Amino acid sequence: MFSLLLFTFVASVCSQSKLLPGSCDFESSTCGYTPDPHFRSWTLNKDGRFVTVDTASEGEHQEAPEEEGVAAQRGEASARGVLLSPVLDQEDWSCLRLVYQITGAGGLEVLLRSEGKGFDRPLWSSQAPSDSWVISSMDLPNTTEPYRVAIDGSPGELQGSSVAIFEIHISPGYCLECNFEETHLCGYRNQWNTNVNWYIGGGLAVQSDLPNDDKIGHFMYVDSIYAKTFKEVAKLVSPMTTVPMSGCLGFQYQRGEKPGNRFSVYTRDQLGQYQEVWNAASENQTNWTADPSEWIPVQVDVKAPYPVQVVFEVAFNSQRGGRVKVDDITFSSEFCSADTEPTFDPSIANCDFESGLCHYTQDTNLGSAWKRVDVKPNLFRNGDHTTGAGSFLLSQSRVTPGSRPGARFSYVSRLVSPLLPGNMKYCLRVHYSLRGFSQTEQALVVYLQHQSSKKQEKVWTQGERSKGIWIANDITFQTTQPSKLLFVSICRSFWDCGSVALDDISLSLGDCELKAGLSLSVPGHCDFEAGLCGYTQDKRGDAGDWMWRRGSTPTSYTGPRGDHTTGLGYYMYMEASPMMPGQGVRLRSRALRGSHLPKCLRFFYHMYGSGVGELRVHLARDGEDTLLWKRAGEQSVAWLRAVVEYHSDYQHQIVFEATRGSSVRSDIAIDDIVFENGPCKEIEIHVANGSSNEIE
């Protein structure tokens, strides 16, 4: 049964402040929300109060036999329900609060659907079942383009599974903002402590000995009266934002007792890492006022280029630690002070070396330069990581012309990044490949060079023998002052050295572990690191399945030696050895929304082996396939990038079909599938097998 507490919750919400279009309590109607006709319908409960989508009952949708392609598309549609809001035209930031419940098994996803975009933009998702209603918050960005909110519910196959929505509440401003006048407290929660906790004060609920909010409203307060041990801590925690938060955080507080507590405000990221942004002792004005009812306003700049929670923390030393009250939390995307430097854009340090060194420079005072190399895709040597047919940097040992036999040979190659601001945490991703090193300790090392002292601090050295494949490495580091990154390759002896290749350097703010779980993927995106991302095996006329694998394929002289994403991860491939020539496998995406706008599909494919057959990409709709792209025969030992621009006004799916060639050396692999709004910005480089190379 649904919790009675939520009915009390909704009754209180009726008295809340301004609600924006798109809000709905489903009391007697769906408030203009309509089902997407391509999917199952949401059902309004007969007594009102909520809408739900349930697991299909046995025998449901079991009509006349259908073709496999139609059945696959209809099967997904019968398992999902998509609820669409009325068209919303809100130019300022707003906050959507969703009251929902997942019973048994299933998932719920909230997306933004704009007519000016070919794909829905994911905002939030959950697959966690619960025994009662749950409240989640998500920020709706400011935009001049009308949009609709799409709520995608997918009940699991477990009998009795369902996804239900009790209320949709859209209010002006960011989800961090709160005046505590509503019972749901804007998603803020007290982190329970045995002795000291945050409570709601003010209004009619206030005790006679507790000063009222001067606005005759509500606020949050914590009191030391129940503190029993030294340094009792109470925490008031905001909901986790769904967007990066950089701007001005404002609030008001009272702290009118003698010093006996420490009042601080922190941001807390998804890894649980805290960063203090303010404490009461740092205020220029005195914090101890003669009038305990005086509210002190605070504004503080926050720079969090990733989702965070805001934590209001009070630590008491004893029962005489006093009382702290908080109210009127606000947020603005503009910094509090005009002197605050804008958030640093780390993309200045990104480079794929396709058009040069970007903002990097060479330091040749101590040795030789990195060489920008263009290796044409061929059957004997990997191309670059970006496209398989582009450019990368190479630092390699080679005896200089005219050197005498037996002469000692060594080199040091140093690549220098742009200047990075201090007091920040960064995530560096670099792709590298080693060949021929017998000792690799100094084959590739990354240093941090401080601007003032020129002191070098080692932040990473490679420890993986890459065996000629591209390996990605994520490196988290912190700068205490303005610094530059140095990519250094050192060869001490000709006999110990080989070549080092470097490509696709990217830099972002924050911990690398944060980056790994930060963004929600557009439907159809997949790097196969955590599974198939909703892709399914299409059984129509195929003789097997696409296989999920890491490392090399079992058959020699065919297939990749590692995936494209990291070199050490997973990809999908067709194992040719148990199949007959002409037989194939098909992998089908989840349903993708149709629109009149162009769409861009990018993916990487691997077709190496003397008997390689064909790889095709189809657009599937209503059981019919339309060919979008095809390659046949052996292409390269490297992963190659495919770029496909297409149009579809109707809901559709994308099918990857691989066909076995003349021999068992016919493995075909795919990886890193990406869908974007078109038109495509890149041009696919068609492969002409050869061995010519170019070096700058």
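Here are some worked exercises on a predicted model, built around its disulfides, its salt bridges and a couple of individual residues.

**Exercise 1. Getting to know Ser-126**

Task: Find out where Ser-126 sits, whether it is buried or exposed, and which residues it touches.

Solution.
- Step 1: Start with the secondary structure. Ser-126 belongs to strand 7, which covers residues 121-126.
- Step 2: Check the accessibility. The relative value for Ser-126 is 13%. The cut-off for buried is under 20%, so Ser-126 goes down as buried.
- Step 3: List the contacts, skipping anything within four places in sequence. That leaves Tyr-100, Ile-102, Gly-106, Gly-107 and Leu-108.
- Step 4: Pick one of those partners and look at the backbone. Gly-106 is 20 residues away from Ser-126 along the chain, and their C-alpha atoms are 8.7 Å apart.
- Step 5: Now try the side chain. A polar atom of the Ser-126 side chain lies 3.3 Å from the backbone nitrogen of Ala-128.

**Exercise 2. Three disulfides, cysteine by cysteine**

Task: How many disulfides does a search of the whole structure find? For three of them, work out the S-S distance, the handedness and the burial of each cysteine.

Solution.
- Step 1: The count for the whole structure is eight.
- Step 2: Take Cys-24 and Cys-31. Their sulfur atoms are 2.1 Å apart, and the link is right-handed, with 70 degrees about the S-S bond. Cys-24 has a relative accessible area of 4%, so put it down as buried. Cys-31 comes out at 32% and is therefore partly exposed.
- Step 3: Move on to Cys-178 and Cys-186, joined with an S to S distance of 2.1 Å. This link is right-handed too, at 75 degrees. Cys-178 is buried at 5%, and Cys-186 is buried at 6%.
- Step 4: Finish with Cys-526 and Cys-533, where the sulfurs are 2.0 Å apart. The bond is right-handed with 65 degrees about S-S. Cys-526 is buried, at 4%, while Cys-533 is partly exposed, at 38%.

**Exercise 3. A salt bridge between distant parts of the chain**

Task: Which parts of the chain does the salt bridge of Arg-593 and Asp-120 link, and are these two residues buried or exposed?

Solution.
- Step 1: Recall the chemistry. Oppositely charged side chains can pair when their charged atoms come close.
- Step 2: Check the distance. The side chains of Arg-593 and Asp-120 meet at 2.8 Å, N to O.
- Step 3: Place both ends. Arg-593 is in the loop between strand 34 and strand 35 (595-607), and Asp-120 is in the loop between strand 6 (106-114) and strand 7, so the pair links distant parts of the chain, 473 residues apart.
- Step 4: Look at burial. Arg-593 has a relative accessible area of 14% and counts as buried. Asp-120, at 10%, is buried as well.
- Step 5: Put the pair in context. A search of the whole structure turns up 20 salt bridges.

**Exercise 4. A strand-to-strand pair**

Task: Which strands hold Asp-223 and Arg-323, and how many residues apart are they?

Solution.
- Step 1: Confirm the bridge. The closest N and O atoms of Asp-223 and Arg-323 are 2.9 Å apart.
- Step 2: Read off the strands. Asp-223 is in strand 13 (residues 218-223) and Arg-323 is in strand 20 (residues 323-332), with their positions 100 residues apart.
- Step 3: Check burial. Both Asp-223 and Arg-323 are buried.

**Exercise 5. From one pair to a network**

Task: Begin at the salt bridge of Arg-586 and Asp-538, then find which residues the salt-bridge network joins.

Solution.
- Step 1: The closest N and O atoms of Arg-586 and Asp-538 are 3.2 Å apart.
- Step 2: Arg-586 lies in strand 34 and Asp-538 in strand 31 (residues 536-538), 48 residues apart.
- Step 3: Arg-586 is buried at 4%, and Asp-538 is buried at 3%.
- Step 4: Follow the shared partners. Salt bridges join Asp-538, Arg-586, Arg-588, Glu-614, Arg-616, Asp-625 and Glu-657 into one network.
- Step 5: Zoom in on one member, Arg-588. This arginine is in strand 34 (residues 584-588) and is buried, at 2% relative accessibility. Its side chain also makes a polar contact of 2.8 Å with the side chain of Gln-653.

Notes:
Residues are numbered from 1 along each chain as its sequence is written. This is a predicted model: local features need pLDDT of at least 70, side-chain atom pairs count only at pLDDT 80 or more; totals for chains, interfaces and linings use all residues. Side-chain values use heavy atoms; hydrogens and water are left out. Helices (H or I, at least four residues) and strands (E, at least two) are DSSP runs, numbered from the N terminus. Buried means under 20% relative accessible area, exposed over 50%, partly exposed in between (1.4 Å probe, protein chains only). Contact means heavy atoms within 4.5 Å. A polar contact is a pair of N or O atoms within 3.5 Å; within protein, one must be able to donate a hydrogen and the other to accept it, and residues adjacent in sequence count only if both atoms are side-chain atoms. A disulfide is a pair of cysteine sulfur atoms within 2.5 Å. A salt bridge is a side-chain nitrogen of Lys or Arg within 4 Å of a carboxyl oxygen of Asp or Glu.
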